[in-house]
Amino acid sequence: MKTKYPYVLLDDKGVPFIEGTSMKVTELVVEKFAYAWSPEELHLQHPYLSLGQIHAALAYYWDHSDELDRIISERLKRVEGIESKVREEHSPLLSKLKAKHLM
């Protein structure tokens, strides 16, 4: 579905992505803030994206930051939960404690 932002479309679930790619706006934004990358650095890291596409995606983000920040936060919480579960399941110490019924 089209948006008023050039190069930014919404998929069937309403998730904004950059037209002609599989890059979600949230993925680009997370990289921008995680690494303090400028649009030019984002372009160097993703040469298949034009600066116009990057600027349009960032403009979309700034106009919808509350909603997209919530989505990013929810995803981070899910990842942290998965990481915690994996660490717990694969911790040698925890495995030994469980084997001795100490946990």
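**Helix packing and the nonpolar core**

In this predicted model, helices α1 and α3 pack at an angle of about 90°, with their axes 10 Å apart (axes are lines fitted to C-alpha atoms over the stretch in contact, with angles from 0 to 180 degrees between N-to-C directions; helices are DSSP runs of H or I of at least four residues, and strands are E runs of at least two, numbered from the N terminus). Helix α1 is therefore roughly perpendicular to α3, a class that spans 65 to 115 degrees. The contact (heavy atoms within 4.5 Å) involves V25, L28, V29, K32 and F33 of α1 and I54, A57, L58, Y60, Y61 and W62 of α3.

Residues are numbered from 1 along each chain as its sequence is written. Local features need pLDDT of at least 70 and side-chain atom pairs pLDDT 80 or more, whereas totals for chains, interfaces and linings use all residues; side-chain values use heavy atoms, without hydrogens and water.

The largest nonpolar core (buried Ala, Val, Leu, Ile, Met, Phe, Trp, Tyr and Cys residues joined through side-chain atoms within 4.5 Å) has 20 residues, and V25, L28 and Y60 have the most contacts inside it. Two or more residues each come from β1 (8-10), α1 (25-35), α3 (51-63) and α4 (65-90), with α3 giving the largest share, six residues. Beyond four places in sequence, V25 touches V8, P16, F17, A57, Y60, Y61 and L68.

T21 lies in the loop between β2 (16-18) and α1. T21 counts as buried because its relative accessibility is 18% (buried, under 20% relative accessible area; exposed, over 50%; partly exposed in between; 1.4 Å probe, protein chains only). Residues Y48, L49 and Q53 are touched by T21, not counting residues up to four places away in sequence.

Note on methods
Parallel < 35°, antiparallel > 145°, perpendicular 65-115°, else oblique.
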